[in-house]
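Work through the exercises below with the coordinates at hand. Each task is followed by a stepwise solution.

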Amino acid sequence: MGKLVRCTCGVELRGRDEADLLPRVRQHAKEAHDLELSDDQIRDMMEVEQ
Ligand SMILES: [Zn+2]
């Protein structure tokens with residue numbers, strides 16, 4: 001059971017756990033949106049993938 005973040009732009013990022021997903025979401029936000037997200041902000045966006 002992994003973790004999923006749906007970005008506002010429609011991109012879905014998946015990881016096997018938080019540690020896997022956090023840096024990839026941060027990188028996407030930076031590259032695609034020029035946005036610096038904190039770990040807490042990213043955790044708030046996370047859903048458990050069924
Ligand atoms: Zn995005």
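**Exercise 1.** In which loop is Asp34 found? Determine its backbone angle phi and its exposure.

Solution. The model is predicted.
- Step 1: Asp34 lies in the loop between α1 and α2, just after α1.
- Step 2: Its phi is near 50 degrees, a positive value in a residue other than glycine.
- Step 3: Most residues other than glycine have a negative phi.
- Step 4: Asp34 has 7 other C-beta atoms within 10 Å. The cut-off for an exposed residue is 12 or fewer, so Asp34 is exposed.

**Exercise 2.** Check the span of α1 against the value expected at 1.5 Å a residue.

Solution.
- Step 1: Helix α1 covers residues 18–33, and it has 16 residues.
- Step 2: The expected span is 1.5 Å times one less than the number of residues, which gives 22 Å for α1.
- Step 3: The end C-alpha atoms of α1 are 21 Å apart, which agrees.

**Exercise 3.** Which residues of α1 are buried, and what covers them?

Solution.
- Step 1: Leu21, Val25 and Ala29 are buried in α1.
- Step 2: Seen down the axis of α1, the buried residues fall within an arc of 65 degrees, so they line one face of the helix.
- Step 3: On the other side of α1, the exposed residues are Ala19, Pro23, Gln27, Lys30 and Glu31.
- Step 4: The cover over the buried residues of α1 includes β1, β2, α2 and β3.

**Exercise 4.** Where in the protein is confidence lowest, and where is it highest?

Solution.
- Step 1: The protein averages a pLDDT of 96, and 100% of the residues score at least 70.
- Step 2: Confidence is lowest in strand β3 (residues 46–48), with a mean of 95, and highest in helix α1, at 97.

How values were computed
Residues are numbered from 1 along each chain as its sequence is written. This is a predicted model: local features need pLDDT of at least 70, side-chain atom pairs count only at pLDDT 80 or more; totals for chains, interfaces and linings use all residues. pLDDT is the predictor's confidence in each residue, from 0 to 100. Helices (H or I, at least four residues) and strands (E, at least two) are DSSP runs, numbered from the N terminus. A residue is buried if 20 or more other C-beta atoms lie within 10 Å of its own, exposed if 12 or fewer, and partly exposed in between; C-beta atoms are placed from the backbone. The arc is that of the directions from the helix axis to the C-beta atoms. Two residues are in contact if their C-beta atoms, placed from the backbone, lie within 7 Å.
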